[in-house]
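Hi everyone, and thanks for coming. Please have a look at the sequence and the model on the screen, and I'll talk you through them.

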Amino acid sequence: MIRSMLFVPGDSGRKFEHAATSAADALILDLEDSVAPGQKPAARMQVQASLQSPCDKALWVRINALDSAEALADLAAVMPARPRGIVLPKCAGRADLLRLAHYLDALEVAAGIAPGSTRILAIVTETAQSLFGLHDYRGATTRLWGLSWGGEDLAADLGSLRNRVAGRYTEPFRLARSLCLMAAAAAGVLAVDTVCVDLQAPEVLADETSEAFRDGFVAKMAIHPRHVETINALLSPDEKQRQWARAVVEAFEADPGAGALKLDGMMIDMPHLRLARRLLGG
């Protein structure tokens, strides 16, 4: 189960070593925003070395946007080292997913990797235009593992002076978040919440993460190791929620022909069973 996905600047072997000892479930080795243009060739070699290092975490790579001059070079450098998946920034829609999937088809064959095994996590709200393609991800490619959203690039695209007030996203960005969540559900993939950029306000991180779990996100990205333990804790069901889930599953197992049952004075039906199984990791 992946709850926390920690970004690691691709040009820093030291930060990778530090991140590898963190509690993060997955690491995202970043070749995009955290790497200066002149450092990208060296960062590709560092990411390749990091992918080949002993590490018990799922290792993903965020490449540069497909419309940049860097994306193909990123993929050519990292795919022989077999990342778990590719994080696609600035995904504008279904066509971008298909394009990346075609690149991966060829690069997996060239590297002797099992066809179709490299997954894709697409960041799908970084431009205003991308919001209008969120309905069309279902069935695009079996490589699609999840959808995430981002507010910083979107703010620049909209010309917004701020995207948060008092630690809370303003309405345009909450809309993007909600649409991403619904797009992931519609596509049958995982919804991954964006990073919390406030490193000095643990209450903001806690609020964001609790809200993400409540609404249906299953994982959250992080930009600093100090955020990981909070994310892991708050994106996991507590004991009361697990007890409820076990009771729901047991009630339907005891009466498999029932479509609806009464549990502790409340009516439960198939949607409750689906939620219970999700909380239990089923």
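I'll start with the whole chain and then visit some helices and single residues.

One thing to keep in mind: what you see is a predicted model. The chain is built from ten helices and twelve strands. If you lay the C-alpha trace along its principal axes, the spans come to about 65 × 45 × 40 Å.

What radius of gyration would a compact globule with 282 residues have? It would be near 19 Å, and the chain has 20 Å, which agrees.

How much of the chain is buried? Of the 282 residues, 49% count as buried. The accessible surface comes to about 13,600 Å², and 55% of that belongs to carbon and sulfur atoms.

Next, the contacts. Take those between residues at least 6 apart in sequence: 69% of them join residues at least 24 apart. As for charges, there are 30 positive and 34 negative ones, and their mean positions are 2 Å apart.

Now let's zoom in on helix 1, which covers residues 13-20. Which of its residues are buried? They are Gly-13, Phe-16 and Ala-19. Seen down the axis of helix 1, these buried residues fall within an arc of 120 degrees, so they line one face of the helix. Here is a handy rule for reading that spacing: an α-helix has 3.6 residues a turn, so residues three or four places apart point the same way.

What about the face of helix 1 that is turned away from the buried side? That face carries the exposed residues Arg-14, Glu-17 and His-18. And what do the buried residues of helix 1 pack against? Their partners are strand 1 (4-9), strand 2 (26-30), helix 2 (40-51) and strand 3 (58-62).

Helix 2 just came up, so let's stop there. Arg-44 is found in helix 2. Is Arg-44 buried or exposed? With a relative accessibility of 8%, Arg-44 counts as buried, because the cut-off for buried is under 20%. Leaving aside neighbours within four places in sequence, Arg-44 is in contact with Leu-31, Glu-70, Ala-73, Asp-74 and Ala-77.

Met-45 also has its place in helix 2. Met-45 is partly exposed, at a relative accessible area of 47%. How far is Met-45 from Gly-139? They are 94 residues apart in sequence, and 34 Å apart in space, C-alpha to C-alpha.

On to helix 3, residues 71-78. The buried residues here are Ala-71, Asp-74, Leu-75, Ala-77 and Val-78. They cover an arc of only 165 degrees around the axis, which puts them on the same side of helix 3. You may remember Asp-74 and Ala-77 from a moment ago, as both are in contact with Arg-44. As a group, the buried residues of helix 3 pack against helix 2, strand 3, strand 4 and helix 4.

Let's leave the helices for a moment and look at two loop residues. Lys-90 sits in the loop between strand 4 (85-88) and helix 4 (94-111). Phi of Lys-90 is near 55 degrees, which is a positive value in a residue other than glycine. Lys-90 is partly exposed, with 30% relative accessible area.

The other loop residue is Ala-166, between strand 7 (164-165) and strand 8 (168-169). Phi of Ala-166 is near 55 degrees too, again a positive value in a residue other than glycine. How exposed is Ala-166? Its relative accessible area is 77%, so Ala-166 counts as exposed.

Finally, two leucines further along the chain. Leu-263 belongs to strand 11, residues 260-263. At 15% relative accessibility, Leu-263 counts as buried. From Leu-263 to Asn-64 there are 199 residues along the chain, and their C-alpha atoms are separated by 50 Å.

Leu-275 lies in helix 10, residues 270-279. Leu-275 counts as partly exposed, at 43% relative accessibility. Leu-275 and Leu-100 are 175 residues apart along the chain, with 32 Å between their C-alpha atoms.

If you take one picture home, let it be helix 1: Gly-13, Phe-16 and Ala-19 are buried, while Arg-14, Glu-17 and His-18 are exposed on the face turned away from them. Thanks for listening!

Terms used. Residues numbered from 1 in each chain as written. Predicted model: local features only at pLDDT ≥ 70, side-chain atom pairs only at ≥ 80, totals over all residues. Heavy atoms only, no water. Helix = DSSP H or I, 4+ residues; strand = E, 2+ residues; numbered from the N terminus. Rg over C-alpha atoms; globule rule 2.2 N^0.38 Å. Buried < 20%, exposed > 50% of the residue type's maximum accessible area, 1.4 Å probe, protein only. Contact = heavy atoms within 4.5 Å. Areas by Shrake-Rupley, 256 points an atom, 1.4 Å probe, with all protein chains shown as cover. Lys, Arg positive; Asp, Glu negative; His and termini not counted. Charge placed at Lys NZ, Arg CZ, Asp CG, Glu CD. Arc of directions from axis to C-beta.
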